[in-house]
Amino acid sequence: MLVPMLTKAYAVRSATSALEPFELERREPGPTDIEIEIAYCGICHSDIHQARNEWGNSLYPMVPGHEIAGRVSKAGAKVRGFRPGDHAGIGCLVDSCRRCSNCREGVEQFCERGASFTYNSTEQDRKTPTFGGYSSRIVVDEAFALRIPASQPLERIAPLFCAGITTYSPLKRFGVRRGQRVGVLGLGGLGHMAVKIAAALGAEVTVLSGSPAKRADAKRLGAHDFALTSELKNALALQGRFDLILDTVAARHDVNAALGWLKIGGQLVLVGAPPEPLEVNAFSLLTRKSISGSVIGGLAETQEMLDFCVRKKVVSDVEVISIRQVNEAYERMMRGDVRYRFVIDLKTL
Ligand code: NAP
Ligand code: ZN
Ligand code: ZN
């Protein structure tokens with residue numbers, strides 16, 4: 001008989017409570033499972049939205065965290081791709097039906113029977129709750145784990161499994177390339193990865209930010225330009241400038257202004273997920289502009305993104321924190337005060 005294993009974690013117990021110590025059960029690895037001893041887990045703004053039930057679908061107790069990097073500590077008898085000691089990552093998905101057309105096409109996030117997300121979700125039995133990466137270890141089928149080369153710094157790779165894939169996927173899908181102008185709206189965790197990846201794809205990148213203090217970082221991250229969205233003279237200078245704008249803002253904001261900064265026929269791609277509706281004026285779109293959205297990416301594309309980032313030497317800029325600083329990190333992210341991803345060191349758990 002397989003005995004569940006107690007695992008240390010941090011959890012929220014309601015929409016208004018702080019993160020605090022918690023113990024959860026992980027299954028003993030089955031034949032195709034690996035167990036990962038988690039070294040680092042990034043803090044995504046989606047962790048805050050869900051911990052605080054801002055999207056209205058939260059299950060408690062909740063252990064957030066879907067930017068997971070660590071070392072394989074056990075591998076089931078039929079595991080082919082990993083051995084104990086290998087470095088491995090997990091993003092937002094831990095399982096899906098693997099049979100529907102979306103799963104077969106590699107967009108498991110759109111599994112027709114419902115994907116199993118890393119937390120605030122259930123396993124494919126639709127009963128067992130999933131718990132995320134603010135914990136010491138996790139067990140997952142090897143098909144849902146990513147291979148990290150041993151040479152890579154785990155704390156700077158972890159954020160790629162959500163912030164990296166979420167920005168890489170639409171930039172690739174819309175064919176961003178050399179000669180194009182890309183705007184990145186909001187310079188946080190997703191935003192800074194978008195800047196690095198769009199620049200690595202050859203585009204000319206402008207950071208569109210509400211924070212004057214981030215100006216100095218834009219060039220270092222690989223952007224060619226920086227504009228303060230709150231200054232009218234900048235807003236006018238940006239009119240008709242971009243082929244594509246990737247909008248990563250986590251709260252209500254004016255998308256009509258962003259649409260004005262696009263060329264005729266340009267694309268505004270929403271990846272930010274503010275809980276409140278956004279208002280669009282028809283006139284903002286009549287010049288053949290489009291608004292679309294994108295959510296994370298499938299397993300094969302996530303591995304492709306990681307391999308691309310390793311090749312291009314793209315990693316996240318992180319501030320490593322102890323688990324005891326996690327509530328303060330949430331508050332700082334609410335103020336836009338993150339450079340550019342908080343990553344929890346799980347040794348401190
Ligand atoms: P983050 O690190 O907190 O960055 C968000 C940035 O948005 C801030 O740094 C800030 O940039 C800007 N911002 C402007 N007004 C804000 C406000 N009132 N509150 C907070 N931020 C504000 O967040 P993130 O982790 O990058 O996530 C951004 C959004 O994407 C969240 O809504 C998250 O849920 C969503 N998300 C979506 C996916 C997906 O698959 N679609 C995946 C991950 C995350 P400036 O200071 O430069 O203005
Ligand atoms: Zn995320
Ligand atoms: Zn499916």
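## Strands 1 and 2

In which sense do strand 1 and strand 2 pair, and over how many bridges? The pairing is antiparallel and runs over seven bridges. This is a predicted model. Strand 1 covers residues 5–11, and strand 2 covers residues 20–26. A11 has its bridge partner, E20, in strand 2.

Strand 1 is largely enclosed by the rest of the structure, because five of its seven residues are buried.

## The six-stranded sheet

Six strands form an open sheet with parallel pairing. Their order is 12-11-10-13-14-15. Strand 12 (225–228) and strand 15 (290–293) stand at the edges. Each has a single partner strand, so one side of each is left without a neighbour in the sheet. From one strand to the next, the twist averages 20 degrees.

Helix 4 (residues 163–173) packs on this sheet. It touches strand 10, strand 13 (242–247), strand 14 (262–270) and strand 15. The direction of helix 4 makes about 155 degrees with that of strand 13. Strand 10 (residues 181–185) also pairs with strand 11 (residues 204–209) in the parallel sense, over five bridges. V182 has V205 of strand 11 as its bridge partner.

## The zinc site

Which protein atoms serve as donors to the zinc ion (ligand 2)? They are SG of C44, NE2 of H66 and SG of C162. These donors lie 2.0 to 2.2 Å from the zinc ion. Their spacing in sequence is C-x21-H-x95-C.

C44 and C162 link distant parts of the chain, 118 residues apart. C44 sits in the loop between strand 3 (33–42) and helix 1 (45–51). C162 sits in the loop between helix 3 (154–157) and helix 4. Both C44 and C162 are buried.

## Around ligand 1

Ligand 1 has 29 residues around it. Those that come nearest are H45, S209, S211, K214 and R341. S209 belongs to strand 11, which spans residues 204–209.

Oxygen atoms of ligand 1 also have polar protein atoms close by. A polar side-chain atom of S46 lies 2.8 Å from one such oxygen. For H49, a polar side-chain atom lies 2.8 Å from an oxygen atom of the ligand. G210 contributes through its backbone: a polar atom there is 3.0 Å from an oxygen atom of ligand 1. H45, S46 and H49 fall within helix 1 (45–51).

Technical notes. Residues numbered from 1 in each chain as written. Chains lettered and ligands numbered in written order. Predicted model: local features only at pLDDT ≥ 70, side-chain atom pairs only at ≥ 80, totals over all residues. Heavy atoms only, no water. Pairing = 2+ DSSP bridges. Helix = DSSP H or I, 4+ residues; strand = E, 2+ residues; numbered from the N terminus. Axes fitted to C-alpha atoms, helices over the stretch in contact; angles between N-to-C directions. Contact = heavy atoms within 4.5 Å. Donors = N, O, S within 2.8 Å, 3.2 Å for Na, K, Ca; no water. Buried < 20%, exposed > 50% of the residue type's maximum accessible area, 1.4 Å probe, protein only. Near = heavy atom within 4 Å. Polar contact = N/O pair within 3.5 Å; in protein donor to acceptor, adjacent residues only side chain to side chain.
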